[in-house]
Amino acid sequence: MSYSPDGQYPQYADPAPEPESGRRPRRGRRWLAVGAAVLALAGIASGAMYHFEIPPFTDKGKSVSFGAPAKGGGQAGAAQNAGSKALMPTGPAADFKNSMTLPDGTHVAVTTLEGKKSGFKGKVWVWAPKEYDDPKYAKSGFPVLIALPGGAGYPNNYWMGTDLGLQTSIAKWYAEGKSKPFLLAMPVLNPSGDDKGIYWDGSDIPGQPKMGTWLTEDVPDLMKANFRTVKSRDGWAFMGSSTGGFASLKAVLKHPDKFKAAICSGPDVVPDSPLWKGHDKEKAANDPGALAKGLIDKKGPDVYLAFQVGDSENNKKTLPDVEKWIATYGKGPVHTSMRVIPGGKHNAKTYVPSMGEGPIQFISKVMEGPVE
């Protein structure tokens, strides 16, 4: 047998017969094939384990903390002067678990929030852009965008998935100078699934779970407890589609002291939950038109509402209803913009790309953050 190129094999005095020397390469190739097959199977198995979220091949379910740790614990920049525009995390820290890791290394994480003010218990997904961990922003508060889904909005909030690309779009828009680097809060919208057309309008309907308080009090409190945020309303906004668009519109108009802007995609513009039956007074107090009129009469504070509606929505009344609402109430302190999406359908896949064509710029221009 001759030496191998690296000289590792011995040379025999009496070379083996030709048939034997012919078998050895075949045996080597056989073992090579077996090894390749084993590696391929291992790759398939690890891929399957990752897909089905079986540790250690996925980081889903691992604890996630946001913000670089400061000396002595807490987030970097926790010591802040009283005149700062930023609000350092107030605590207590929530137990966030990783829901998914995005290509840029950021995490969508989830926690179960027991709302102290609403009494409702539900899931909230959160995301922070990579800039949040940048040392140059260690003492900066970031703006918050509370993103509400359409449909049942329970037990999940569809904005937390990667298929719609909300998180990657915000990162892209910020890089392009179109958007603020928003923190995202993505709570469940309703207290249960879509059952026979029952939904809660993002409101405190008498005798029902207080979903209005959950969205406008408990969810913001969660963000303040765990993130560096903006003290004033200039760092707080909503976005949503369909029913979530209505809830976003109504939340800003009902609480203009807390929230400054909203992106409302394919929204309803009147409360229409069947659960309002017998509660006409409370229903009227949650009507975006009545709320807008009240702001106009009081001459403020200013709110900024970016509407977008597809011209091919399944409900043909959506576009004219929104246009009529803007014509009636889009005056004085109620600042509006309208984007009609060519060929746009009534779905989130239509609304996300369109947000980058005007709505995200409209609200970003009037909001603050990052601020110190």
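**Exercise 1. At roughly what angle do the axes of helix α4 (residues 243-254) and helix α6 (residues 288-298) cross, and within what distance do they come?**

The model is predicted. Start with the two axes. They come within 9 Å. Their crossing angle is roughly 30°. Now classify it. Angles under 35 degrees count as roughly parallel, so α4 runs roughly parallel to α6. Finish with the handedness: α4 passes α6 in a left-handed crossing.

**Exercise 2. Which residues make the contact of α4 with α6, and how do they divide into nonpolar, polar and charged?**

Take α4 as the starting point. This helix supplies F246, L249, K250, L253 and K254. On α6, the partners are P288, L291, A292 and L295. Then sort by class. Seven residues of the contact are nonpolar and two are charged. No polar residue takes part.

**Exercise 3. Which residues touch the most other members of the largest nonpolar core? What does I363 touch?**

First, set the scope: the largest nonpolar core holds 82 residues. Within this core, L305, W325 and I363 touch the most other members. Next, follow I363. Leave out residues up to four places away in sequence. I363 then touches L145, F182, A237, A261, A262, I263, Y304 and A306.

**Exercise 4. How many helices and strands are in the protein, and what percentage of its residues are buried?**

Count the elements: nine helices and eleven strands. Turn to burial. Of the 372 residues, 47% are buried. Last, check sequence separation. Take the contacts with a separation of 6 or more. Residues 24 or more positions apart account for 72% of them.

Terms used: Residues are numbered from 1 along each chain as its sequence is written. This is a predicted model: local features need pLDDT of at least 70, side-chain atom pairs count only at pLDDT 80 or more; totals for chains, interfaces and linings use all residues. Side-chain values use heavy atoms; hydrogens and water are left out. Axes are lines fitted to C-alpha atoms, for helices over the stretch in contact, and angles run from 0 to 180 degrees between N-to-C directions. Helices (H or I, at least four residues) and strands (E, at least two) are DSSP runs, numbered from the N terminus. Angles under 35 degrees count as roughly parallel, over 145 as roughly antiparallel, 65 to 115 as roughly perpendicular and the rest as oblique. A crossing is left-handed if the near helix is turned anticlockwise from the far one by less than a right angle, and right-handed if clockwise. Contact means heavy atoms within 4.5 Å. Ala, Val, Leu, Ile, Met, Phe, Trp, Tyr, Cys and Pro count as nonpolar, Asp, Glu, Lys and Arg as charged, and the others, Gly among them, as polar. A nonpolar core is a set of buried Ala, Val, Leu, Ile, Met, Phe, Trp, Tyr and Cys residues joined through side-chain atoms within 4.5 Å. Buried means under 20% relative accessible area, exposed over 50%, partly exposed in between (1.4 Å probe, protein chains only).
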